[in-house]
Amino acid sequence: MPRAASQALAHHTDRKTRTPRGVVRAGGAILAAALAFTAFGGPGTARAAEGGSGAYVALGDSYAAGAGVPDQSGGLCMRSSKNYGHLVAAAVGPSAYRDVTCAGAKVAALTTTHTDAGIPVNGPQLDAISADTDLVTLTIGGNDIGTSDLGFVDVVAVCSALSLTNPLGAPCRDSYNAGGRDVLEQRLDAAAVRLGDGIRRIRAEAPNAKVLLVGYPTVIDSDPVKCLGKLTVTLKDTAYLHGILAYLQALLARTAAANEATFVDTTAVTEGHDACSADPWVEGLLPKSPALPLHPNARGEQVMADAVLRAIGR
């Protein structure tokens, strides 16, 4: 486990979270403005690859779906024909490829119907697993950081609004800390428990499958100064958010190891190409390439696919 991630996992904080409703509304406005600049591709059709010995099932959230990267299909699930699952399937050639990734999915979406404003968007993702499944990839957990389906972007919106209250401090970190432990860490801890259960269910349904828990790419540079003017949060809160993402990665690695899954680290291979870089594989708040804010673009999805292929020896 990387040293930064280990340190993040051991980190504890101690002030109680109280996020004012006005801050949430202001954060939502910032997020909406960012989304308005996002370029989207047209409708696309996910195709099954053929020729392999068994089925490949792709599970997960918007990072796995390739949300915003053309061509798009799956309605609100926003699955891209160039998401890392499609790219892996093209290289591996499974007998069938089932992509049930969905933007906004939290860990609970593995076993329950995913809804948006009460409307069903995607069925339980684990329903795609069967005895013929030979390969499973899964990227999920990041949305559990936030209270809405926007996940980490939700948190960034709140932090952006709070930055106006204390531009030189860490108002976001202070807001999410109280009385004992960081609230974002607590949310991730709870999600990791559910994720471990999900992986065990995959094992029960497809005992011969290779299960890969794919981590998240580098979203924020470890040097907050490089994000100055590119993220609408304070420098201290930029460092705080980087630490939260490191904490998430550490939890995913530990959860994979505890449940006989393979953790695929995509952080190291995307360093220097975060949302604050000059050559981003993860787009910023105002994307310059088709992708959602703070999400992988087509190049980012390709790099994630390459990491999965290395993990399975291809």
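Is Arg173 buried, exposed or partly exposed, and what is its relative accessibility? In this predicted model, Arg173 counts as partly exposed, its relative accessibility being 33%. The side chain of Arg173 meets that of Asp174 in a salt bridge, with an N to O distance of 3.6 Å. Asp174 is likewise partly exposed, at a relative accessible area of 28%.

The Arg173 pair belongs to a wider set of charged contacts. Side chains of opposite charge can pair when their charged atoms come close. Over the whole structure, a search finds six salt bridges. One of them joins the side chains of Arg98 and Asp132, at 3.3 Å from N to O. Arg98 is placed in strand E4 (residues 96-99), whereas Asp132 occupies the loop between strand E6 (119-122) and strand E7 (133-139); the pair therefore ties together parts that are 34 residues apart in sequence. Arg98 is partly exposed, with a relative accessible area of 24%, and Asp132 is also partly exposed, with a relative accessibility of 38%.

A further salt bridge is formed by Asp197 and Arg201, whose closest N and O atoms are 3.1 Å apart. Both residues lie in helix H7 (residues 183-205), where a spacing of four residues corresponds to about one turn of the helix. Asp197 has a relative accessible area of 30% and is partly exposed; Arg201, at 43%, is partly exposed as well. In addition, Arg181, Glu185 and Asp189 are joined into one network by salt bridges that share partners.

Glu301 presents a contrasting case among the charged residues. Glu301 is located in helix H9 (residues 298-311). The residue is buried yet has no salt bridge, and the nearest side chain of opposite charge, that of Lys82, is 12 Å away. The cut-off for a salt bridge is 4 Å between a side-chain nitrogen of Lys or Arg and a carboxyl oxygen of Asp or Glu. Lys82 is nevertheless listed among the residues in contact with Glu301 when neighbours within four places in sequence are left aside. The other residues in contact with Glu301 on this basis are Tyr63, Ala64, Gly66, Asn83, Tyr84, Leu87 and Pro296.

Strand E1 (residues 55-60) is mostly covered, six of its six residues being buried. The cover extends to both faces of E1: Ala55, Val57 and Leu59 are buried on one side, and Tyr56, Ala58 and Gly60 are buried on the other. Strand E1 runs parallel to E4, to which four bridges join it. Within this pairing, Ala55 has Ala96 of E4 as its bridge partner. Strand E1 also pairs with E7 in the parallel sense, over six bridges; here Leu59 stands opposite Leu138 in E7. Both partner strands recur in the description of the Arg98 and Asp132 pair, as Arg98 lies in E4 and the loop holding Asp132 lies between E6 and E7.

Attention turns finally to the nonpolar surface. Val225, Leu228 and Leu235 make a nonpolar surface patch of about 280 Å². Val225 is found in the loop between strand E10 (210-214) and helix H8 (235-258). With a relative accessible area of 52%, Val225 is exposed.

Technical notes. Residues are numbered from 1 along each chain as its sequence is written. This is a predicted model: local features need pLDDT of at least 70, side-chain atom pairs count only at pLDDT 80 or more; totals for chains, interfaces and linings use all residues. Side-chain values use heavy atoms; hydrogens and water are left out. Patches are made of residues with over 30% relative accessible area and no salt bridge: like charges are joined within 9 Å, nonpolar side chains (Val, Leu, Ile, Met, Phe, Trp, Tyr) within 5 Å. Accessible areas come from the Shrake-Rupley method with a 1.4 Å probe; for residues, only the protein chains shown count as cover. Helices (H or I, at least four residues) and strands (E, at least two) are DSSP runs, numbered from the N terminus. Buried means under 20% relative accessible area, exposed over 50%, partly exposed in between (1.4 Å probe, protein chains only). Lys and Arg count as positive and Asp and Glu as negative; His and the chain ends are not counted. Contact means heavy atoms within 4.5 Å. Two strands pair if DSSP finds at least two bridges between them.
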